[in-house]
Amino acid sequence: MSHSVENRFFAIVCGALLVFVAPLFVLFLFLSSERAEKEIKDHITVLLVANAQALAKPLWDLDEDSVTQISATTVAEGAIVRVNVRDLSGQLDVTQSTIPKSYKGNLESISRPIVYNGVDGAKKLGVITVYYPQLGLFDGLKNEEIVFISIFIFAVLTVFGAALIGNRIFVIQPLMRLTHAIEATRRLGSRHHVDWQSNDEMGRLANSFNDMQSKLQREENELKLAHRRATDTYNLTPAMLFSLDKDDCIAAVSDYWLAATGYDRAEVIGREFASLVLPESRAQYVERKTGNRSSAARLAVTVKFLCRNGRVMDILILETTAIQDGQSLSVMTDVTELKQSEDRNLRQAITDHLTGLLNRQGFETALDAKINEADLRKRELACLFIDLDRFKWINDNMGHAAGDAALRELVSRLQKCLKSGDIAARLGGDEFAILLLAEDAEARAIDMAGQIAEIFETPFVGDARLSASIGIAIYPRHAANAAELLLKSDIAMYAKKRDGKNGAQIFDNGMLDDSRRRAELENHIETGLGEDWFEAYLQPVVNMDDRSIAGFEALMRLHHPQKGILPPARIIEVAEETGSIIRIGNRIMEKAIAHFARLSRLDGMQDTYLAINFSPLQFEPELPMLMAAVLSRHDISPRRIVVEITEAVLMDDNPETRMVINEICRYGCRIALDDFGTGYSSLSYINRFPVDIIKIDQSFIRAINDTVSDVSAKSRMLVESITTLSHKMNCTVIAEGVETEEECATLRTMGIDYGQGYLFYRPQHPDNLSKTLAALQQDHPSPVAQAS
């Protein structure tokens, strides 16, 4: 039996009847049975009294027939079914019964003694026993009681039936309709309503259910509409959308995703997304959740994705970390072209556009990687820092196009010397670097340096010849990191340049001291320019005959507050390398002209000249205008200014430098060729350039009285030849570094015009020189010579 509401109601009513009505009914039957049984016993008792008296005489007389007749009369009574008369002597035992054989019930008995009242008194003769059926609950009911019980049972059944009918009509029927509506909703998915109208609780329940169904129907319609919109958005959005479950398997993909990748939806649903990623990117994708902590709301990773047709895409995946219903939403974007563009930009960023080698940025990255490789493979790494010698000459004399062509030709030759794993880079201008990884990196580097030297044996474009200064540093022998390795190879290269260029130099710790001293000197130069430590000292130039002052040479001095006067030669060398020589030269020129103007006020100094040394880097187009402004400010005639240049300026034959020199000459200044004889001396310079004065280097002056006769003779011959030829070309000759009277006498016999050196005057501060000259004018007035 199903556990329905109606069955439960039926069971409750039946239980109520059993608990409350049935006990009352049983009690009524029990009381009725007791009453009937009492009435029967009372009746039988009366019969027994009468029959016992009637049987006394026959039993005394042992009249069996009378006894039998009386017993039969007794059995005839309605309630008695058996009678037994028995005398005490046992001679008479009469039993009368009306019980059918099929009767199986129990019998109740009542006995009474038979007493005969004779002359001798009362005597007990025997016993009469009567039997009657045992009464049941219903045997004692009277007709009126049966009618009452019938009416009672009918009333109970009527109430019971009315309750069942009312329950079915007012409870079960609306519940069944409600149940059918719910079942229909569950099975068919449609929102059924309950057709029930009443003002009771069932009516309110039905109305509430109908309202709930209507609300659910509206919400379901809204959900369906939202789902349809979401599905349309998911599929129609021009983006590759996909969803993953908690196991990173594909749970859903958009139509655009399928169109872009070429897959069918059936073949990717349930498949691990990592299986579609190339092995080289798979680990990166799998570890994205542990490695990417950039955002708590989403994860981002770029991997290589394999399409169905075999095409590989670089994709950027943005994945939500907030998982709903076990799924996450991701969008992937094809960034293949962007990655290719980034790769191109990266290559361009780390590649030298002219030569195709790595540039400085790319080289520094490669250097870090090579150091890591050297550590892993337990090998050494050699860094060769290469700087081309005389490359500026090609740019200045043959043009930058020729210089670029020479660089390309150099790289073409250099690449033939490189082995697999070697790295070459152009650090900028004419600077290159090479990385060599080997067990004996020093031997490999020396061998490479030899091959590089052979490269320069063949002329370059336009029959130009170059050479290279190479610095070599070894990791980890000389350096502990990339920056230190590059720095020390650079230091070694500069050491080779100072030693004469064109060759290789391996780094040693002594170079660090030179580098520190150089850095210290560079700092002194910059500080000196900022705090005005530079001063223009003046050294007189005298006539070799009477030693009268013909002019002054301005010499640069740097006066350090603690260290005093620093060596000028080293300062000039460093300043020319760093480019600060231009500022120093202009500062010295302005101060020298100012001091010269002050000295010109002294008696006899009005016709002297001022010689100013100019570095090749100072010959800029602005130089003539700057000189004109300074001379005009101090009212100095340009004819009294001599510009001293070295052979290096003339040898480079830079068109811009030649133009500046010619402009200075047109302005009225004279040109002196300083340190003649120390370089690639050639009198053709005098013919090709407007040179007015030749200054013979002091190394020749010292050698003219050398103790070795052969050296002395050759030096005198050279000095006499230079003097004679210079005079033939209308040039004045000045001897530098005259320190002894013997040298002065010898030079006079050779026809030298003027002399300059410690024999005559040392370079002095203009204040001290003014005092010295003033004192000389007072003590020994002498005419002033003129260098013409």
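Strands β3 and β4 (residues 121-133) pair in the antiparallel sense over twelve bridges, and that pairing is a good way into this structure. Please keep in mind that the model is a predicted one. The briefing below walks through two open sheets, one of four strands and one of five strands, then turns to two buried residues, Y132 and R426, and ends with the aromatic side chains.

**The four-stranded sheet**

- The sheet is open, with its strands in the order β2-β1-β4-β3 and antiparallel pairing.
- At its edges are β2 (93-97) and β3 (107-118), each of which pairs on one side only.
- On average, neighbouring strands of this sheet are turned by 15° against each other, direction ignored.
- Within the pairing of β3 with β4, S109 has Y131 as its bridge partner.
- Strand β1 runs antiparallel to β4, and six bridges join them; here R86 stands opposite V127 in β4.
- Strand β1 is also joined to β2 by five bridges, again antiparallel, and V83 stands opposite Q96 in β2.
- The hairpin of β1 and β2 has five residues between the strands, and in this hairpin G90 takes a positive phi near 85°.
- Helix α3 (residues 64-75) lies across β1 (82-87), β2 and β4, and runs at about 30° to β2.

**Y132 in strand β4**

- Y132 has its place in strand β4.
- Is Y132 buried or exposed? Its relative accessible area is 2%, under the 20% cut-off, so Y132 counts as buried.
- Not counting residues up to four places away in sequence, Y132 touches E37, I40, K41, I44, A79, V81, L107, E108, S109 and I110.
- One of these contacts, S109, is also the residue whose bridge partner in β4 is Y131.
- For a sense of scale, the C-alpha atoms of Y132 and E431 are separated by 147 Å, with the two residues 299 apart along the chain.

**The five-stranded sheet**

- This open sheet has its strands in the order β11-β12-β10-β13-β14, and the pairing is mixed.
- Its edge strands are β11 and β14 (503-506), each pairing on one side only.
- From one strand to the next, the twist averages 20°.
- Strands β10 (residues 380-389) and β12 (residues 431-438) run antiparallel and are joined by eight bridges.
- In this pairing, A382 has L436 in β12 as its bridge partner.
- Helix α14 (residues 441-455) lies across β10, β12, β13 (467-475) and β14, running at about 25° to β10.

**R426 in strand β11**

- R426 is found in strand β11 (residues 423-428), which is an edge strand of the five-stranded sheet.
- With 12% relative accessibility, R426 counts as buried.
- Which backbone oxygen lies 3.0 Å from a polar atom of the side chain of R426? That oxygen belongs to G429.
- Leaving aside neighbours within four places in sequence, R426 is in contact with D352, L354, T355, L357, L358, N359, R360, L407, E431 and F432.

**Aromatic pairs and the cluster**

- A pair of aromatic rings is described by the distance of the centres and the angle of the planes.
- With ring centres within 6.5 Å counting as a pair, the total is nine aromatic pairs.
- Why is the pair of W257 and F305 edge-to-face? The ring centres are 6.0 Å apart and the planes stand at 80°, which is over 60, so the pair is classed as edge-to-face.
- This pair links distant parts of the chain, with W257 in helix α6 (residues 255-261) and F305 in strand β7 (residues 298-306), 48 residues apart.
- W257 is buried at a relative accessible area of 0%, and F305 is buried at 0% relative accessibility.
- F456 and F460 form a tilted pair, 5.9 Å centre to centre with 50° between the planes.
- F456 counts as buried at 8% relative accessibility, as does F460 at 5%.
- One aromatic cluster is formed by F242, W257, Y263, F273, Y285 and F305.

**Arginines over rings**

- R413 lies over the face of F460, at 4.1 Å from the ring centre.
- F460 thus takes part in two arrangements, the tilted pair with F456 and the placement of R413 over its face.
- R762 lies over the face of Y758, at 4.0 Å from the ring centre.

Definitions and conventions
Residues are numbered from 1 along each chain as its sequence is written. This is a predicted model: local features need pLDDT of at least 70, side-chain atom pairs count only at pLDDT 80 or more; totals for chains, interfaces and linings use all residues. Side-chain values use heavy atoms; hydrogens and water are left out. Rings of Phe, Tyr and Trp (its six-membered ring) pair if their centres lie within 6.5 Å; planes under 30 degrees apart count as stacked, over 60 as edge-to-face and the rest as tilted. Buried means under 20% relative accessible area, exposed over 50%, partly exposed in between (1.4 Å probe, protein chains only). A charge sits over a ring if NZ of Lys or CZ of Arg is within 6 Å of the ring centre and within 35 degrees of the ring normal. Two strands pair if DSSP finds at least two bridges between them. Axes are lines fitted to C-alpha atoms, for helices over the stretch in contact, and angles run from 0 to 180 degrees between N-to-C directions. Contact means heavy atoms within 4.5 Å. A polar contact is a pair of N or O atoms within 3.5 Å; within protein, one must be able to donate a hydrogen and the other to accept it, and residues adjacent in sequence count only if both atoms are side-chain atoms.
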